[in-house]
Amino acid sequence: MSERPLELYFHPLSSFCQKVLVALYENHTPFEGRIVDLGDPQASAEFKKIWPIGKFPVLRDRAKDRTIPESTIIIEYLAAHYPGRTELMPRNADLAWQTRLCDRFYDLCVNVPMQKIVADRLRPAGKTDPYGVDQAREQLRTAYGLIEHEMRTRTWATGDAFTMADCAAAPALYYANLVMPLGAYANAAAYLERLMKRPSFARAVEEAEPYRRLFPKGE
Ligand SMILES: N[C@@H](CCC(=O)N[C@@H](CS)C(=O)NCC(=O)O)C(=O)O
């Protein structure tokens, strides 16, 4: 097959898509990127033919005729079928569950509340949810406290090796820091700095730059 087997449906600004981009860039995995503009009804309808839920990222493996949604599952799939130098999902059983736990933590306790705060800025006047945003900020504060404690001794999310958990952490912490600065959480801020210097994430951030104007500003 002359074409690349992997196709990624994504948007460069999306945090969950950046998570998968980091995984792909870590191992220089070749893929064809398909940017989806969900604001365009035709593009959105086309995308929903591939994944009716309509959320990205979605990976298509044309060689195996498989469609894989969900950022974590995509990275698990890449680790299993397109492995590289960075062991995104450790083979060691204990490191594996710790990686999955950290991945869930950064998705559910950092990325999701961060997205709640960002999405609220896009709501029409009179339809915002200040109570929900306050709850999201509280969740972020709790998460920051945990990260601050964990990152006293760790270089990467689970220890010395860069894994799927760091792919999840990078965009989640990057955007969370924009909506609620890490400020006094010095260990968490230093971890974010290390993530920003990691070439795979630095590339994802640079590629999102042309779309940055679409990121809603707060008050
Ligand atoms: N659990 C999913 C979350 C994916 C997700 O929320 N993607 C957002 C972009 S970051 C999206 O597609 N939003 C569009 C929508 O909800 O309509 C994953 O890990 O891939």
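Begin by selecting the ligand in this predicted model and displaying the residues around it: Ser14, Ser15, Phe16, Leu38, Lys55, Phe56, Pro57, Glu70, Ser71 and Gln115. Coloured by class, this shell shows four nonpolar, four polar and two charged residues.

Next, display the pocket surface. The ligand occupies the largest pocket.

Then turn to the polar contacts, taking the residues in sequence order. Select lysine 55: an N or O atom of the lysine 55 side chain is 2.9 Å from an oxygen atom of the ligand. Move to phenylalanine 56, where the backbone supplies the contact: an N or O atom there lies 2.8 Å from a nitrogen atom of the ligand. Finally, select serine 71, which has a polar side-chain atom 2.6 Å from an oxygen atom of the ligand. With these contacts in view, switch on the ligand surface: the ligand taken alone exposes 520 Å², and the protein buries 73% of that area.

The last stop concerns the cysteines. How many disulfides does the model contain? The count is zero. Select cysteine 17 together with cysteine 167, whose sulfur is the nearest cysteine sulfur to that of cysteine 17; the separation is 13 Å, and cysteine 17 is in no disulfide. Cysteine 17 counts as buried because its relative accessibility is 0%.

Now select cysteine 109 and cysteine 102. The closest cysteine sulfur to that of cysteine 109 is in cysteine 102, but at 11 Å it is too far away for a bond, since a disulfide requires the sulfur atoms to be within 2.5 Å. Cysteine 109 has 30% relative accessibility and therefore counts as partly exposed.

Conventions. Residues numbered from 1 in each chain as written. Predicted model: local features only at pLDDT ≥ 70, side-chain atom pairs only at ≥ 80, totals over all residues. Heavy atoms only, no water. Near = heavy atom within 4 Å. Polar contact = N/O pair within 3.5 Å; in protein donor to acceptor, adjacent residues only side chain to side chain. Areas by Shrake-Rupley, 256 points an atom, 1.4 Å probe, with all protein chains shown as cover. 1 Å grid on protein atoms, 1.4 Å probe; cavity = no way out; pocket = protein on both sides within 12 Å on 5 of 7 lines; lining within 4 Å. Sits in = over half its atoms within 2 Å of the grid points. Nonpolar A, V, L, I, M, F, W, Y, C, P; charged D, E, K, R; others polar. Buried < 20%, exposed > 50% of the residue type's maximum accessible area, 1.4 Å probe, protein only.
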